[in-house]
2 protein chains.
Amino acid sequence: MLGNFIYSNPTKLYFGDNALSGLREELPKYGKNVLFVYGGGSIKKNGIYDEVTTILKECDKNIIEDAGVMPNPTVEKLYEGCERARKCKADLILAVGGGSVCDYAKAVSVSAYCDQDPWEKYFLHMEDVDNKIIPVGCVLTMVGTGSEMNGGSVITNRAQKLKIGHIFKDNVMPKFSILNPVYTFSVPKYQMISGFFDIMSHILEQYFSGDDDNTSDYIMEGLLKSLIYSTKKAIDDPIDYEARSNIMWIATWALNTLVEKGKTTDWEVHMIGQSVGAYTDAAHGMTLSSVSIPYYRFIMPYGIHKFKRYAINVWNVKTDGKTDREIASEGLERMKQYMKDLGLIMNVKDLGVTEDMLEGIAEGTFLLDGGYKRLTKQDVIHILKESMSVQ
Amino acid sequence: MLGNFIYSNPTKLYFGDNALSGLREELPKYGKNVLFVYGGGSIKKNGIYDEVTTILKECDKNIIEDAGVMPNPTVEKLYEGCERARKCKADLILAVGGGSVCDYAKAVSVSAYCDQDPWEKYFLHMEDVDNKIIPVGCVLTMVGTGSEMNGGSVITNRAQKLKIGHIFKDNVMPKFSILNPVYTFSVPKYQMISGFFDIMSHILEQYFSGDDDNTSDYIMEGLLKSLIYSTKKAIDDPIDYEARSNIMWIATWALNTLVEKGKTTDWEVHMIGQSVGAYTDAAHGMTLSSVSIPYYRFIMPYGIHKFKRYAINVWNVKTDGKTDREIASEGLERMKQYMKDLGLIMNVKDLGVTEDMLEGIAEGTFLLDGGYKRLTKQDVIHILKESMSVQ
């Protein structure tokens, strides 16, 4: 655990198939006006909308709806939400949905009372929050992003062709989150496995960084093994409560700042994936899966000790008579097979990427320093081409 | 992750060799009067006392000292601390020391404004806190108990021959804790390894419980592997910062409620150990180490799947051609060898236990239901006798 750091995560989690009852505990702590934020309306089909509004009414709250939050929340939607939040004098923002809805709720929370353009202040310039923050609570219906227990918020500005995430401090983290694994049962398979790989990528992009092997690495190996075990079960039976509940719990702990402690963290796969996403509008997790194996093969020689450890501790690769490189490569091969078995997209062409986009995707990829090798633009193009040759 | 649960842990941690600077961030949040709680005065020898008082003065605080907290804080000391806290109108209790000092600070925090006898209300009857709570902050100088990030507090009533721990809720957890690994360098070897085994026992007593194998089990295997790796290094070189910092971090996460989620938890080793402690006044971790191997050998047949998993995942036992029982036993043998190498006490006779005490120790052992087998009094005597025969 090298370096100095602060750990602070005040989000209260209510977990389990009866988790929504926690809303009755939490609501009395806030004023009457609740901005009820959700997405495309799937919560009306599966009954969650009714369950939540029933409790809000029981707790004597004024419900102000803010529906239609899109998968990549836009700055225009943010401005609209801010106006609504101010107008109704929201005492609490209740986000009911997946990571995008939670991200949006946090963006409104810090932006509603910002006296400058919040896009410029909090996303473009990443400034600290110095205005009133409206508290946020979440009812999670999809897993993957970890937004339910962190300060992260990603907003997209289409006019400027920018998608920027700001990791706010602990005062912006949700005050509470309701995690009911049953709510995730109805997510379609494509989105489900996309979320699964988002979780895996969050862990791997923290794991494959740093010179020392500290407690965070050991915790991440545990999370990875549990994730692999449970996702295999969830593919066979999507309503396996035990499997889905473990996955939901892993998703939260994969990105709530715990496992980053003592790590430099990489995040280059997310950078390439986001640039692929800007060109294809593909599901976030699939943009990550499609570039991961080529990326890790490329950086493997620069962090061979960690890839060897990964192969042994996570993928149970036997070491007898093999070189470090052989052991490490076998680990990545097993990961690739697991990903294919899950049904993940392994080739960026399947997301709509064409040769003529490569230059632009590489140009749009932020190049970071936390991993085992800082990429060049040419390296990114190489990785994308490798993905395009995957069978 | 079976069952419904709440996770809430608002303690803010400042970690690293510069962690004490966090005190300057925290102190302005509280009023002028700080009850400065510490133990036998070792912090005066190693300079921590001076460092802390300098910052308190810089932050313009009134320092009211409450020294002399003993290893097992007594109810008499608690009464005295309550009076002092009320008299000085303490706005913050700052605990500087190990687990006992932190435990004591939390006990004073809930008891100072209790209008009944706090021993009866909060320890004997384990009631919820309904009076004013004085906020607590900790500067940790010894690792093991995890008291720096949980609601636990153990108080001893010698007249009643009772030592009772109450796990209070999140509103009693420390508001902040300062974790500087360097502060643990000067702990004498006997206390150091005793603390190491306390950590291991905390993890094992949560791990060896429950029918399902969920994410908490995987996280615990990671913590155990990291602990084994780093304690071996710390024995060779007690001022190995990397090793001691990992151990400090593991100790916190071993008992801050994370890894208990989804588990029934056992705690029978702590129950036997505490009863041994009542007869011998031995170091807490050594009472645990002296009974652990006989205890786990005894319950192994009732949780064979988990002991097999433990052997493979934590101790790297090879499985080829072996029965489950052989694999599981080999895991315990490796654990025993590791404990001996560390220098832990393996035989209760070495703590002063004699044949004539066995009946009383067994009588004083609380028998719990969370593990793989509920013990009888005779089982406890058998386990103690097994310990007495260890070479």
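This is a guided tour of a predicted model with chains A and B, stop by stop, for you to follow in your viewer.

**Stop 1: where the chains meet**

Colour the two chains differently and look at the contact between them. Chain B brings 32 residues to this contact, and chain A brings 33 residues. Now select the side of chain B that touches chain A. Strand E1 (5-7), strand E2 (12-15), helix H8 and helix H9 (241-254) of chain B each supply at least two residues there. Which element gives the most to this side of chain B? That is H8(B), with eight residues. If you colour this side by class, you will find 15 nonpolar, 11 polar and six charged residues.

**Stop 2: strands that pair across the chains**

Select strand E1 (residues 5-7) of chain A together with E2(B). These two strands pair in the antiparallel sense, over three bridges. To see the pairing residue by residue, show Phe5(A), which has Phe15(B) in E2(B) opposite.

Next, select strand E2 (residues 12-15) of chain A and E1(B). Three bridges join this antiparallel pair. Here the residues to show are Tyr14(A) and, opposite, Ile6(B) in E1(B). A general point helps at this stop: strands of a sheet pair through backbone hydrogen bonds, and they do so either parallel or antiparallel.

**Stop 3: a seven-stranded sheet**

Keep E2(A) and E1(B) selected and add their neighbours. You should arrive at an open sheet of seven strands with mixed pairing, in the order E4(A)-E3(A)-E5(A)-E6(A)-E9(A)-E2(A)-E1(B). Which strands are at the edges? They are strand E4 (62-66) of chain A and E1 of chain B, each of which pairs on one side only. Look along the sheet and you can follow its twist: ignoring direction, neighbouring strands are turned by 20° against each other on average.

Now add helix H5 (residues 99-111) of chain A, which packs on this sheet. H5(A) touches strand E3 (33-38), strand E5 (92-97) and strand E6 (136-140) of chain A, and its direction makes about 165° with that of E5(A).

Zoom in on E3(A). Is E3(A) largely enclosed or largely open? Five of its six residues are buried, so E3(A) is largely enclosed by the rest of the structure. E3(A) pairs with E4(A) in the parallel sense over five bridges, and Phe36(A) has Glu65(A) of E4(A) opposite. E3(A) also runs parallel to E5(A), joined by five bridges; for this pair, show Leu35(A) and its opposite residue, Ile93(A).

**Stop 4: strand E9 in chain B**

Move to chain B and select strand E9 (residues 176-179). Show the side chains: Phe176(B) and Ile178(B) point one way, Ser177(B) and Leu179(B) point the other way, and all are buried. Add E2(B), which pairs with E9(B) in the parallel sense over four bridges. Then add strand E6 (residues 136-140) of chain B, which is parallel to E9(B) and joined to that strand by four bridges. Ser177(B) is a good residue to centre on: Leu13(B) has Ser177(B) as its bridge partner, and Cys138(B) stands opposite Ser177(B).

**Stop 5: two helices that cross**

Select helix H11 (residues 284-299) and helix H15 (residues 377-388) of chain B. Their axes come within 8 Å and cross at roughly 125°. H11(B) and H15(B) are therefore oblique to each other, and the crossing is right-handed. To see the contact, show Ser290(B), Val291(B), Pro294(B), Tyr295(B) and Phe298(B) from H11(B), then Asp379(B), His382(B), Ile383(B), Leu384(B), Glu386(B) and Ser387(B) from H15(B). This contact has six nonpolar, three polar and two charged residues.

**Stop 6: the buried residues of H12**

Still in chain B, go to helix H12 (residues 304-313). Its buried residues are Lys306(B), Phe307(B), Lys308(B), Tyr310(B), Ala311(B) and Asn313(B). What do they pack against? Their partners are helix H8 (215-236) and helix H13 (324-342) of chain B.

**Stop 7: two loop residues**

Finish with Asp60(A), in the loop between helix H3 (48-58) and E4 of chain A. Its phi is near 65°, a positive value in a residue other than glycine. Asp60(A) is exposed, with 9 other C-beta atoms within 10 Å.

Then find Thr265(B), in the loop between H9 and helix H10 (268-280) of chain B. Thr265(B) is not a glycine, yet has a positive phi of about 65°. With 17 C-beta neighbours inside 10 Å, Thr265(B) counts as partly exposed.

Notes. Residues numbered from 1 in each chain as written. Chains lettered and ligands numbered in written order. Predicted model: local features only at pLDDT ≥ 70, side-chain atom pairs only at ≥ 80, totals over all residues. Buried ≥ 20, exposed ≤ 12 C-beta atoms within 10 Å, placed from the backbone. Contact = placed C-beta atoms within 7 Å. Nonpolar A, V, L, I, M, F, W, Y, C, P; charged D, E, K, R; others polar. Pairing = 2+ DSSP bridges. Axes fitted to C-alpha atoms, helices over the stretch in contact; angles between N-to-C directions. Parallel < 35°, antiparallel > 145°, perpendicular 65-115°, else oblique. Left-handed = near helix turned anticlockwise from the far one by under 90°.
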